[in-house]
Amino acid sequence: MSDSHLTFCFLSSILALIVITFIFTKRKKPSLNLPPGQMGWPLLGETIGYLKTYQALTLGEFMEKHIARYGTIYKSNLFGEPAIVSTDAGLNRFIMQNEGKLFEASYPKSLGGVLGKWSMLVLVGDMHRDMRNISLNFLSYAKIRTHLVKDVDKHVLHVLSSWKHNSTLSAQGEARRFTFNFMAKHIMSLDPGKLETEQLKTEYVSFMKGIVSLAPVNLPGTAYRKALKSRSTILKFIEAKMEERAKRVQNGDALEEDHDLLNWVLTHTNLSNEQILDLVLSLLFGGHETSSIAIALVIYFLPSCPRAMQQLREEHVEIVTSKKKTGEVELTWDDYKKMEFTHCVLNETLRLGNVVRYIHRKALKDVRYKGYDIPCGWKVLPVISAAHLDPELFDQPNQFNPWRWQGNNSKSDNFMPFGGGSRLCAGSELAKVEMAVFIHHLILNYNWEVLDGDEPFVYPYVDFPKGLPIKVQSYSSIKLPN
Ligand code: HEM
């Protein structure tokens with residue numbers, strides 16, 4: 001074969017290859033029908049607008065404007081990635097139900113840096129399932145029935161019995177004192193009020209601020225740097241507790257398996273020290289910050305709705321009165337189940353207060369939904385608060401109206417304060433018990449008013465800028481035990 005013939009064959013093969021590749025890629029990748037939206041600035045995208053502080057009882061200006069302009073599903077560039085934001089209740093459910101198949105959790109790197117790579121929010125796949133099972137065992141329904149209601153009761157009383165008539169206090173601080181003490185006791189057997197418990201609580205405050213910091217930059221003075229420092233202080237503390245337990249075993253003392261979470265993981269699992277540290281740290285964090293803000297929100301909402309206060313009092317006086325007849329003192333699971341109107345108040349608080357606004361996911365495959373394409377690899381942000389404030393789904397959504405949850409309305413597919421699917425909040429039942437028992441003692445013993453016009457804002461975590469100052473008056477003749 002001559003050189004020119006060879007060259008001709010070579011060039012025609014290349015040309016054929018180009019044509020085939022062109023046809024193939026054209027066929028394989030038809031043009032995508034992305035939802036409408038704008039990508040914002042290079043790198044930053046629209047992240048600054050998305051994270052701008054707003055009043056917690058609204059969706060915020062950014063979200064409202066974007067929904068008005070683009071509809072309930074829109075594209076953007078957030079947290080450094082192209083993203084699809086979904087305020088559509090149906091799509092949000094679809095995303096949560098397809099965890100691990102079409103979508104998976106994908107939180108910003110800053111969160112993994114502070115919570116740790118073994119934290120449950122960051123884990124996916126089999127490792128997530130294993131850690132979740134451990135947490136569910138710790139928080140299991142059966143345990144809540146037999147032990148936890150009683151223990152929650154004790155910790156609520158510890159906090160509420162310290163309130164003085166006519167005093168002013170930070171309701172958010174008090175709610176945090178209760179939820180932190182409770183988790184610290186159940187995870188590591190720390191006693192409320194002890195110096196080590198108080199120091200650990202203080203570390204958690206700066207830890208929390210770093211978790212949500214917009215710029216996860218490890219530079220002096222940044223919230224992220226402070227959070228990393230708090231992380232290492234907290235880890236040293238937990239490690240010391242683990243060493244204490246190991247020494248006890250060396251000295252021939254058997255660890256009581258169900259004593260606390262730390263004992264349980266040491267005796268029942270093969271987790272490495274690093275995994276145990278991240279698990280303990282994130283459960284302690286996840287288990288107190290969210291439920292304390294939920295309790296603060298109840299304290300904030302109730303004074304504006306005297307009728308709900310009255311109905312709550314009637315419900316709880318009845319529970320106490322019937323207990324007195326049988327000589328029972330401590331609250332039980334059966335008492336909790338009788339708190340029907342209280343559950344309406346809990347639902348309404350979670351609906352209107354929206355403790356968790358949105359969750360972070362990414363698409364594992366190209367997904368088509370209602371004619372829109374969600375490309376594989378894109379960030380997906382289901383905004384679970386949007387359905388809760390949608391007038392099409394909840395009549396007069398800005399009104400605090402616990403009665404909307406009565407009767408057949410007690411469940412709604414559009415109500416997702418604890419997420420859903422295989423990542424549904426592992427502590428949802430515990431959180432509800434904590435809220436209900438707190439309300440029980442609060443409503444029976446105090447009246448209160450909110451001072452200084454404090455109200456909740458989204459930073460993006462929900463917080464009261466002044467700590468929700470309240471003035472309390474002792475209310476009833478039903479005395480708290482000392
Ligand atoms: C009112 C209080 C609470 C709210 C609103 C809340 C909300 C949520 C939400 C929305 C998720 C889903 C996150 C996602 O899908 O990416 C979640 C997950 C989780 N929550 Fe809660 N939570 C609360 C209280 C608690 C408590 C008391 C605990 C106890 C330790 C807890 C432990 C967890 C854990 C371990 C996960 C991760 C579950 C998993 O990935 O499988 N939460 N929570």
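**Exercise 1.** In this predicted model, determine in which sense strand β11 and β12 pair, and over how many bridges.

*Solution.* Begin with strand β11, residues 457-458, which pairs with β12 in the antiparallel sense over two bridges. Next, look for residues that face one another across this pairing: Val 458 stands opposite Val 462 in β12. Then widen the view to the sheet as a whole, which is open, has three strands in the order β1-β11-β12, and shows antiparallel pairing. Finally, the edge strands are β1, at 54-55, and β12, at 462-463, each of which pairs on one side only.

**Exercise 2.** Find which members of the largest nonpolar core touch the most other members, and which helix contributes the largest share of this core.

*Solution.* The largest nonpolar core holds 88 residues, and within it Val 280, Ala 296 and Val 298 touch the most other members. The largest share of this core comes from helix α12, residues 273-301, which supplies 17 residues. Taking Val 298 as an example, and leaving aside residues up to four places away in sequence, one finds that it touches Val 345, Thr 349, Met 435 and Ile 439. Apart from this core lies another, of 28 residues, among them Tyr 50, Ile 84, Phe 103 and Val 380.

**Exercise 3.** Describe the shell around the ligand by naming the closest residues, the helix that gives the most to it, and the division into nonpolar, polar and charged residues.

*Solution.* The ligand is surrounded by 24 residues, of which the closest are Gly 287, Thr 290, Gly 419, Cys 425 and Gly 427. Turning to the helices, α6 (125-138), α12 and α17 (428-445) each supply at least two residues of this shell, while α12 gives the most, with six residues. By residue class, the shell around the ligand divides into 15 nonpolar, seven polar and two charged residues.

**Exercise 4.** Locate Cys 425 between its flanking helices, and decide why it counts as partly exposed rather than buried or exposed.

*Solution.* Cys 425 lies in the loop between α16, residues 384-388, and α17. A residue needs 20 or more C-beta neighbours within 10 Å to be buried, and 12 or fewer to be exposed; Cys 425 counts as partly exposed because it has 17 C-beta neighbours inside 10 Å. As for its contacts, not counting residues up to four places away in sequence, Cys 425 touches Phe 418 and Gly 419. Lastly, turn to the database record: in an unreviewed UniProt entry, the annotation "binding site" covers Cys 425, and in the model Cys 425 is among the residues closest to the ligand.

Notes:
Residues numbered from 1 in each chain as written. Predicted model: local features only at pLDDT ≥ 70, side-chain atom pairs only at ≥ 80, totals over all residues. Core = buried A, V, L, I, M, F, W, Y, C linked by C-beta atoms within 7 Å. Helix = DSSP H or I, 4+ residues; strand = E, 2+ residues; numbered from the N terminus. Contact = placed C-beta atoms within 7 Å. Pairing = 2+ DSSP bridges. Near = placed C-beta within 6 Å. Nonpolar A, V, L, I, M, F, W, Y, C, P; charged D, E, K, R; others polar. UniProt positions renumbered as here; feature names shortened; annotations may be inferred.
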